[in-house]
Amino acid sequence: MGAAKKRTKVELVLMILVTASIVRQFFLGNYHNMFLGVLTLILFMVPKLIEKKLGVSIPAGLQAVILIFIFSAEILGEIHAFYVKISIWDTMLHTTNGFLMAAIGFAMIDIFNRSERFSIKMSPYFVAFVAFCFSMTVGVLWEFFEFGMDWFFQTDMQKDWILPAISSVKLNPDGANVPVKVAVDSLVVNGQEWNLGGYLDVGIVDTMKDLMVNFIGAVVFSVVGVLYLKQRGRGKLAASLIPQVREEEE
């Protein structure tokens, strides 16, 4: 009962903040941000949808992480431009996303593993590995989505990076397969000089960074998952982060 109260308080506080943001954006006449606020409220229903569809109970700790992640991505990241103002904001969220997606993948495979309808029982390490693979797959699909939005709609979901140097075999005057490194201080684009302090990389560094931190988040949860399965029923930290199969479903 205590856990449920904590979970309700977190959800209530975040919903109040989102609603206040929607009202503020309305008076500012920013209807795009209003839509993001409404979308956030809809996404807040994801944990309950997961519980209903998968027949699991999401612990208070994990639900709080999910709700704070959604709030941080949409309200703080998009509406309040934390992605631009705080350089590591995107990195933190992609790390958290890797963690959360591994949790969802873990819950799904654990349900099958504990069901009497399946004769094959998987080891804790295999369950964790499947959860890791699920998280990485979702991470890759999200990067496809970001690329598609930037390519077809000219958004900037893949944030650009400034690289102080280029290392490429294309710059080798002899045509040999040996990269030549050239420092880049400024660029001339359409006759206009850009003093950016380097080359403007469009997307690739951001994509690889996102996948790497997604990998870290997935690995961390996979380790937590293995420890939980090997000592099921013990350990408060793991129990607060692992979706539980409902008693009536077992």
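A64 sits in helix α4, which runs over residues 60-79. In this predicted model, A64 comes out as buried, because its relative accessible area is 18% and the cut-off for buried is under 20%. A64 also has a far-off partner in sequence to look at: L14 is 50 residues away along the chain, yet the two C-alpha atoms are separated by 9.9 Å.

T40 offers another case of a buried residue, this one in helix α2 (residues 31-43). Its relative accessibility is 0%, so T40 counts as buried. Leaving aside residues up to four places away in sequence, T40 touches V18, I70, E74 and I75.

Helix α3, spanning residues 46-54, has two sides worth telling apart. P47, I50 and E51 are buried. Looking down the axis of α3, these buried residues fall within an arc of 100°, so they line one face of the helix. K52 and K53, on the other side of α3, are exposed. Right after α3 comes G55, with a positive phi near 70°.

Zooming out, the chain holds nine helices and eight strands. Of its 250 residues, 38% are buried. Taken along the principal axes, the C-alpha atoms fill a box of roughly 70 × 55 × 30 Å. As for how the chain contacts itself, take the contacts with a separation of 6 or more: 64% of them come from residues 24 or more positions apart.

Now to how the helices pack. Two packed helices are described by the angle between their axes and the distance between the axes. Helix α8 (residues 204-230) packs with helix α7 (residues 124-153) at an angle of about 160°, and their axes are 8 Å apart. An angle over 145 degrees counts as roughly antiparallel, which is why α7 is described as roughly antiparallel to α8. The crossing of this pair is right-handed. On the α7 side, the contact is made by P124, Y125, V127, A128, F132, S135, M136, G139, V140, E143 and E146. They meet D206, T207, D210, L211, N214, F215, A218, V219, S222, V226, L229 and K230 in α8. Sorted by class, the residues of the α7 and α8 contact come to 13 nonpolar, five polar and five charged.

Helix α8 also packs with helix α6 (residues 89-114), here at an angle of about 40° and with the axes 7 Å apart. That angle makes α6 oblique to α8. The crossing of α6 and α8 is right-handed. From α6, the residues in contact are D90, T91, H94, T95, N97, G98, F99, A102, A103, F106 and D110. From α8, the contact takes in D206, K209, D210, V213, N214, G217, A218, V220, F221, G225, Y228 and L229. The class tally for α6 with α8 is 10 nonpolar, eight polar and five charged residues.

Putting the two contacts side by side, α8 uses D206, D210, N214, A218 and L229 to meet both α7 and α6.

Key. Residues are numbered from 1 along each chain as its sequence is written. This is a predicted model: local features need pLDDT of at least 70, side-chain atom pairs count only at pLDDT 80 or more; totals for chains, interfaces and linings use all residues. Side-chain values use heavy atoms; hydrogens and water are left out. Axes are lines fitted to C-alpha atoms, for helices over the stretch in contact, and angles run from 0 to 180 degrees between N-to-C directions. Helices (H or I, at least four residues) and strands (E, at least two) are DSSP runs, numbered from the N terminus. Angles under 35 degrees count as roughly parallel, over 145 as roughly antiparallel, 65 to 115 as roughly perpendicular and the rest as oblique. A crossing is left-handed if the near helix is turned anticlockwise from the far one by less than a right angle, and right-handed if clockwise. Contact means heavy atoms within 4.5 Å. Ala, Val, Leu, Ile, Met, Phe, Trp, Tyr, Cys and Pro count as nonpolar, Asp, Glu, Lys and Arg as charged, and the others, Gly among them, as polar. Buried means under 20% relative accessible area, exposed over 50%, partly exposed in between (1.4 Å probe, protein chains only). The arc is that of the directions from the helix axis to the C-beta atoms.
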